[in-house]
Amino acid sequence: MIDIHCHILPGVDDGAKNLSDSIAMAKQAISEGIDIIIATPHHKNGTYINRKIDILNKVKELNEAFKTEGLNLTVLPGQENRIFGEIIEDYDQGDILTLTGHSTYLFIEFPSGHVPRYAKQLLYDIQLKGLHPIIVHPERNAQLIENPDLLYEFVKNGAATQITAASLTGYFGKKIKRYTEQIIESNLTHFIASDAHNTTTRAFKMNEALDILEQKYGVDSVYYFTENAELLAEGNHIFREVPEPIKTKKFFGLF
Ligand code: FE
């Protein structure tokens, strides 16, 4: 299984602090059946800066360390980009990394509290560049929770999204769990990933999430998500279902 979002690179952000943390995370990932992880350190989120060249070097080092440890886990490079106005300029400058470094898929993170007004235009401009934006964990964004139509609009206009395994398992609370389910039910997401930061408070939870997917939506749903991660890693087009608006129950608004 491939995990496309993980903070396993040591000492670069709020994920693994050092190599022994990375090794502990690798062991947990392997125990869940993960054999490929895309390392996606935070970039320009106000606290951390991780440029393409540094990530490529650190991923190489980590793969060598895992090999020495006899761990059967391959790390591929990636980057979790906080949305910012000059991201395309920075991409042209060579600071921005797509997932795996070879795909056309680019992680885009919104601030947790809101969606910037320029997001729609920027997501469009990214696609004009021949890149495919993936909005990470939309289920945890306050404005998208308030206004699901905005998420629908982004997906309808070509953005992909990635939900977090722990959101589906209920770690972030009932409201986020329910919104995650609605996002799945309305075909507004394309990937499920761990976004693991450690082995305790922000662990992988991929198996638990896939079990929930299978129980609630059937085995096809599990295939859809696991195969999309493989298609991305292989540089192929992903499966996309026709997105639908989320039906919110507004009983009192009808009369
Ligand atoms: Fe993340």
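The following is a conversation about a predicted model, covering its sheet, its charged pairs and a few backbone details.

User: Before we start, what kind of model is this?

Analyst: This is a predicted model, and what I say below is computed from it.

User: Fine. In what order do the strands of the open sheet come, and in which sense do they pair?

Analyst: The open sheet is built from six strands, arranged as E3-E5-E6-E7-E8-E9, and the pairing is parallel.

User: Which strands stand at the edges?

Analyst: Those are strand E3 (42-43) and strand E9 (191-193), and because each has a single partner strand, one side of each is left without a neighbour in the sheet.

User: And what holds strands like these together in general?

Analyst: Strands of a sheet pair through backbone hydrogen bonds, and the arrangement can be either parallel or antiparallel.

User: Let's look at E6 then. How many of its residues are buried?

Analyst: Strand E6, which covers residues 105-109, is mostly covered, with five of its five residues buried. Both of its faces are covered, since Tyr105, Phe107 and Glu109 are buried on one side, while Leu106 and Ile108 are buried on the other.

User: Glu109 catches my eye. Which residue stands opposite Glu109?

Analyst: That is Arg82, which stands opposite Glu109 of E6. Strand E5 (residues 80-82) pairs with E6 in the parallel sense, and three bridges connect the two strands.

User: How many bridges are there between E7 and E8?

Analyst: Strand E7 (residues 132-136) and strand E8 (residues 160-164) run parallel and are joined by three bridges. Within this pair of strands, Ile135 is found opposite Thr161 in E8.

User: Switching to charges: how many salt bridges does the count come to?

Analyst: The count comes to 11 salt bridges. One of them joins Lys44 to Asp90, whose closest N and O atoms are 2.9 Å apart.

User: Where do Lys44 and Asp90 lie?

Analyst: Lys44 lies in the loop between E3 and helix H2 (52-68), whereas Asp90 belongs to helix H3 (residues 87-93), so the pair ties together parts that are 46 residues apart in sequence.

User: Is Asp90 buried or exposed?

Analyst: Asp90 is buried, with a relative accessible area of 12%, while its partner Lys44 is partly exposed at 31%.

User: What about Glu181, which residue does that one bridge to?

Analyst: Glu181 forms a salt bridge with Arg178, and the closest N and O atoms are 2.9 Å apart. Both residues belong to helix H8 (residues 174-185), where they are three residues apart, or about one turn of the helix. Glu181 counts as buried, at 8% relative accessibility, but Arg178 is partly exposed, with a relative accessible area of 38%.

User: Which residue meets Asp195 in a salt bridge?

Analyst: The side chain of Asp195 meets that of Arg202, at 3.3 Å from N to O. Asp195 is buried, with a relative accessible area of 2%, and Arg202 is also buried, at 18%.

User: Which residues are joined into one network by salt bridges that share partners?

Analyst: The network consists of Lys177, Arg178, Glu181 and Glu185.

User: Now the surface. Which residues form the negative patch?

Analyst: The negative surface patch is formed by Asp35, Glu227, Glu230 and Glu234. Of these, Asp35 is placed in the loop between helix H1 (19-31) and strand E2 (36-39), and Asp35 is partly exposed, with a relative accessible area of 37%.

User: Back to the backbone: what is phi of His137 near?

Analyst: Phi of His137 is near 25°, which is a positive value in a residue other than glycine. Most residues other than glycine have a negative phi. His137 sits in the loop between E7 and helix H5 (142-146), and His137 is buried, with a relative accessible area of 8%.

User: And what is phi of Asn187?

Analyst: Asn187, although not a glycine, has a positive phi of about 55°. Asn187 is placed in the loop between H8 and E9.

User: Last one, on Glu69. Where is the place of Glu69?

Analyst: Glu69 is in the loop between H2 and strand E4 (74-77), and Glu69 is partly exposed, with a relative accessible area of 45%. The C-alpha atoms of Glu69 and Ile87 are separated by 37 Å, and these two residues are 18 residues apart along the chain.

Definitions and conventions: Residues numbered from 1 in each chain as written. Predicted model: local features only at pLDDT ≥ 70, side-chain atom pairs only at ≥ 80, totals over all residues. Heavy atoms only, no water. Patch = residues over 30% accessible without salt bridge, like charges linked within 9 Å, V, L, I, M, F, W, Y side chains within 5 Å. Areas by Shrake-Rupley, 256 points an atom, 1.4 Å probe, with all protein chains shown as cover. Salt bridge = Lys/Arg side-chain N within 4 Å of Asp/Glu carboxyl O. Lys, Arg positive; Asp, Glu negative; His and termini not counted. Charge placed at Lys NZ, Arg CZ, Asp CG, Glu CD. Helix = DSSP H or I, 4+ residues; strand = E, 2+ residues; numbered from the N terminus. Buried < 20%, exposed > 50% of the residue type's maximum accessible area, 1.4 Å probe, protein only. Pairing = 2+ DSSP bridges.
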